[in-house]
Amino acid sequence: MRPIPKVLLSCLLCLLLGWSGAAAAFPDVEAGSWYRDAVEEMTASGLLSGYPDGSFRPGQTISAAEFVTITARTAGAAPSQGQTAHWAAGYLQTALEKGWYDWDELPPTGEKFDQPIPRQLAVKVLMRALLPERRGDYNTERAKISDFSQLDGRYYEAVLAAYAAGVVKGDSSGTFRPHSGLSRAEACILIQRAKQAAGGSTAPAPDPGTTPETPPSPVVTVQGGVTENGALQVKGTQLCNQAGEPVVLRGMSTHGLQWYGSFANAQSIRNTAQHGANVFRLAMYTGEGGYLSQPEAMKQTLIAAADAAIAQDLYVILDWHILSDGDPSAHTEEAVAFFTEMAKRYKDSPAVLYEICNEPNGNISWSGNVKPYAEKVVQAIRAQAPKAVILIGSPTWSQDIHQAAADPVAGENLMYTLHFYAGTHGQELRDRIDAVRAKGLPVFVSEWGTSRADGSGGVFLAESAQWLDFLAQRGISWCNWSLCDKGETSAALKPGTSPNGVWSQEALTQSGQFVFSRFGQ
């Protein structure tokens, strides 16, 4: 990353960290200007001040680092330990951990910190930080935005809520310009409106719809494999065995079968089972050179691995692993054909679960893309396997389970996946799980890692233990990412580990040793 000149760094710190509680009379903030009151109020509250030359520069485009830092200070959030030496890294790390934005939007490695923050992302950060409980009616608020079609789907909820709350009003022609930047003056107005809409409080607001309740009493679950538990079923929010007893599955997910298919062979699966796992997830990427590029080869790799897992008395998840092809409905026809064939093949096996869309992401919505897709694929599976457990993802990399809870897919034995990485995601997502379960939504954590969301950083053992204790108390099943020897901290095996031999503790990475030790807990 290009270093920030010391003079500019000094200016940025002065702007963001303010010296006093007195309003400043900036020569470039004219009396009667539309933004003057907002600038003076925020200056008086100590949230910002001017540059050393006495100017405010209201028309200058605000960077992501500046906007997130001011928003965090407005929300009363303290900086965390940043991952770079950037002056704003601490506040951006806090915002990332709180779920105000996602890793790919502003990577903690800092390359986007000094770039202009797009309006749609700025609104998402602001609404999640100060007004996370607010919602906006899709039809009512959409009608106010003449360029709504330019808005990326992952920002629908935040932008519609911002319009409903009066935080965003658009320009005279009704345009929002979602991909454009914000001036400093515009940013002050947005933050002031959000603060006023929140009642003027600077206390951090709760996560969307996630008022934490008293922790539930620990769920007493049985473990064991297919022979012991038989066909699985969903009762209320709980995964249960054939006898109706609460059951929990704990195991590993492969990495992409097109890259690390050797670690889905019979010996690797046997090793995993012998360490106490009772589920094995097969991550069959659809893009990235996976199924859509070589369907027959990928299908045969998956079938061989599934049969090997069944032979080890493991439950097995057939994962339609969308990633770069983030809209599942883009390949509905292919998914229906694949799951029809797999459900017909395994219709008599109690071991097989179907995960129909790994991590929907990008310009999509639950109601417009994921749910209609899920309904078609569920119907295709049900035609062959009427009682099999089906796992359904949600937008924002299978984190927006609250959207599914508000409008679930009709049917039985359906569960909804939540994905987390212990170095990136924390209490906000745990609160969200409790909130959706209180609404009756069954949750299955089909992918989680001990690292940050990009597979690196850490290993975050304390945070991982907190997560696994949380899941154990609620009887929630999980699969860890990932069973491979890739040179990243989320991998369970050290580079060069053979998939064909028995694994000692020395073959396991720090992550692998921790995860394998938790299969029975």
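Here are a few worked exercises on a predicted model of a protein.

**Exercise 1. How compact is the protein for its 521 residues?**

Step one: take stock of the secondary structure, which comes to 19 helices and ten strands. Step two: compare the radius of gyration with the globule rule. The protein comes out at 24 Å and the rule gives 24 Å for 521 residues, so the protein is as compact as a globular protein of that length. Step three: look at the extents, where the C-alpha trace spans about 75 × 50 × 45 Å along the principal axes. Step four: check the contacts. Of those with a separation of 6 or more, 74% are between residues 24 or more positions apart. Finally, buried residues make up 58% of the 521.

**Exercise 2. What does the protein expose, and how are its charges placed?**

Start with the surface: about 19,400 Å² is exposed, and carbon and sulfur atoms supply 51% of that area. Then count charged side chains, which gives 41 positive and 52 negative. Last, locate the centres of the two sets; they lie 2 Å apart.

**Exercise 3. Work out whether helix α17 is mostly covered or mostly open, and what lies against it**.

First, the geometry. Helix α17 takes in residues 427-438, twelve in total, and reaches 16 Å from first to last C-alpha, close to the 16 Å expected at 1.5 Å a residue.

Next, burial. Ten of the twelve residues are buried, so α17 is mostly covered. Among the buried ones you'll find charged types: Glu428, Arg430, Asp431, Arg432, Asp434 and Arg437. The list also includes Leu429, Ile433, Ala435 and Val436.

Now the cover itself. It includes the helices α4 (89-97), α16 (401-406) and α18 (461-474), along with the strands β8 (414-421) and β9 (443-449). To finish, step past the end of the helix: α17 is followed by Gly440, which has a positive phi near 95°.

**Exercise 4. Are Thr272 and Val167 buried or exposed, and what do they touch?**

Take Thr272, which sits in helix α11 (residues 266-274). Its relative accessibility is 0%, so Thr272 counts as buried. Skipping neighbours within four places in sequence, its contacts are Met252, Ala277, Phe280, Leu483, Trp503 and Phe519.

Val167 is in a loop instead, between α7 (156-165) and α8 (184-197). With a relative accessible area of 1%, Val167 is under the 20% cut-off and is therefore buried. Leaving out residues up to four places away, Val167 touches Leu126, Met127, Leu131, Ala162, Leu190, Arg193 and Ala194. For a sense of distance, Val167 and Thr332 are 165 residues apart in sequence and 37 Å apart in space, C-alpha to C-alpha.

**Exercise 5. Which peptide bonds listed here are cis, and where do they fall?**

One joins Gly458 and Val459, with omega about 25°. Val459 belongs to the loop between β9 and α18. Another runs from Trp481 to Ser482, with omega near 5°, and Ser482 lies in strand β10 (residues 478-483).

**Exercise 6. Where are Trp397 and Asn413, and what is phi for each?**

Trp397 is not a glycine, yet its phi is positive, about 60°. Its place is in helix α15 (residues 395-398), and at 18% relative accessibility Trp397 still counts as buried, because the cut-off is under 20%.

Asn413 also has a positive phi, near 55°, and is a residue other than glycine. Asn413 is in the loop between α16 and β8. Its relative accessible area is 9%, so Asn413 is buried.

Definitions and conventions. Residues numbered from 1 in each chain as written. Predicted model: local features only at pLDDT ≥ 70, side-chain atom pairs only at ≥ 80, totals over all residues. Heavy atoms only, no water. Helix = DSSP H or I, 4+ residues; strand = E, 2+ residues; numbered from the N terminus. Rg over C-alpha atoms; globule rule 2.2 N^0.38 Å. Buried < 20%, exposed > 50% of the residue type's maximum accessible area, 1.4 Å probe, protein only. Contact = heavy atoms within 4.5 Å. Areas by Shrake-Rupley, 256 points an atom, 1.4 Å probe, with all protein chains shown as cover. Charge placed at Lys NZ, Arg CZ, Asp CG, Glu CD. Expected span 1.5 Å × (residues − 1).
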